[in-house]
Amino acid sequence: MGRQRPGKATADAPGTGGPSSPGPVAGTYPVDTGTCELIPDQFNPNGWILKVNGVHSSHIDIADPRQLDFEYMRWIAALVDTHWEADAKLRALHLGGAACSMARYFAAGYPNARQVVVELDGRLAELVRAWFDLPRAPLMRLRVGEAREVTETLHDDSRDLVIRDVFAGAKTPLPLTTLEFTAQAARVLSPGGLYIINCGDTPDLRGARREAAAVCEVFAHTAIVADPAMLKGRRYGNMIIAGSDLPFAGHPSLPRTLLGGGVPAHLWDDSQVRAFAAGTRPLTDGQAAAG
C-alpha cells in the first residue's frame, strides 16, 4: 500500500531501471519519507516484500506480475477484471505506488492499458524502477507527487479507473477521505468508470462507515468487499469500497471469485453499503483540516 504525507507534486520520477539495473537487492535503504526494506520472500524464490518505515507495503513476484500476495489487492483485481475485458484500453490512475504491484498486474492483464502511478516518495520511486521490471511510458508512468494535488490537476473524464491505496503508517491521510476529494475522483472518471479505495480500519469501523458515506453520496452505485470478520467488526483489517455510475451486481462470477481466495471475502451490494453507512455523515475538507 502507498504512503502519503503533504508535499508538492513534481515531474515524473526518473527511470533508473533497464538492462543495466542490478535488480532487487535485499537490504535497508534511506528514502525521502524515512527508510524502506526489501526482503526476499522465504516461500517464493521469485518473491520480494517491500516494507516502508516498518510497515508491509507491497509484494512483488518478479516472474509473474499477475501473482498478488495481498488479499485486498486480489479483491481489487476481481472488481476490475469483471468490469472490463482484457482488450480494454484502460486508463488507470493509481494513488499510492510503493512497488507498483497493482500496476504490474494490470499491465500484464490489459496490454492496451495506459497507467499513471502517483508516489509521494521520489527516492522510493527511483529504487522501485531499478529493482523491478516496470512497464515504460506510455504504458506506465511513475509520477512523483501528492495524491490529491495530482488528482485535482487532471481533466474531467480522463480516467476509467482510479485506485486509492495511500497510507501514512496505518492510516490514510484525512484529505484523501473527504467528500470533496471523493467528488474529485468522480470528476476525472469517464462514464462507467470505477473508483476503488483500500480502507484500513479498526473493529469499530467508524472510518469505513464515513468513507462509505462519502462514496454513497457521490456515486449512484456502490459495493464493499471484505472478509466476514472485518464486516462484522471483529478485527483490524482492510475493506475495499467502490463506486461507479454502473451497478456491480451484473457480474455473476464476482461473488464466486471473491469466495475462492485464500481469505474468502463477501461482496456487499449497493443496498447493503447504504445500510452500512446510514446515519453517518462523510468527512468534509473543513473537518479534515481541523484534525
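1. In this predicted model, helix α6 makes the greatest contribution to the lining of the largest pocket, supplying four residues. α6 spans 206-218, and both this helix and strand β11 (189-201) provide at least two lining residues each.

2. The largest pocket holds about 430 Å³ of space. Its lining comprises 18 residues, and those nearest the centre are Lys 171, Gly 200, Asp 201, Gly 207 and Arg 210. By class, the lining residues are seven nonpolar, six charged and five polar.

3. Strand β11, named above for the pocket, also belongs to an open sheet of eight strands, ordered β8-β7-β6-β9-β11-β13-β12-β14 with mixed pairing. The edge positions are taken by β8 (140-144) and β14 (266-268); each has a single partner strand, so one side of each lacks a neighbour in the sheet. On average, neighbouring strands of this sheet are turned by 15° against each other, ignoring direction.

4. Within the sheet, β12 (residues 221-226) pairs with β13 (residues 237-244) in the antiparallel sense, over five bridges. Ala 223 has Ala 242 of β13 as its bridge partner.

5. Two helices lie across strands that include the edge strand β8. Helix α2 (residues 101-109) lies across β6 (91-95), β7 (114-119), β8 and β9 (159-164), and runs at about 175° to β7. Helix α3 (residues 122-131) lies across β7 and β8, with an angle of about 150° to β8.

Terms used
Residues are numbered from 1 along each chain as its sequence is written. This is a predicted model: local features need pLDDT of at least 70, side-chain atom pairs count only at pLDDT 80 or more; totals for chains, interfaces and linings use all residues. Side-chain values use heavy atoms; hydrogens and water are left out. Two strands pair if DSSP finds at least two bridges between them. Axes are lines fitted to C-alpha atoms, for helices over the stretch in contact, and angles run from 0 to 180 degrees between N-to-C directions. Contact means heavy atoms within 4.5 Å. On a 1 Å grid over the protein atoms alone, a cavity is a set of points where a 1.4 Å probe fits but cannot get out, and a pocket is an open set with protein on both sides within 12 Å along at least five of seven lines; lining residues have an atom within 4 Å of a point. Grid points are joined across faces, edges and corners, and a volume is the space filled by probe spheres set on the points. Ala, Val, Leu, Ile, Met, Phe, Trp, Tyr, Cys and Pro count as nonpolar, Asp, Glu, Lys and Arg as charged, and the others, Gly among them, as polar.
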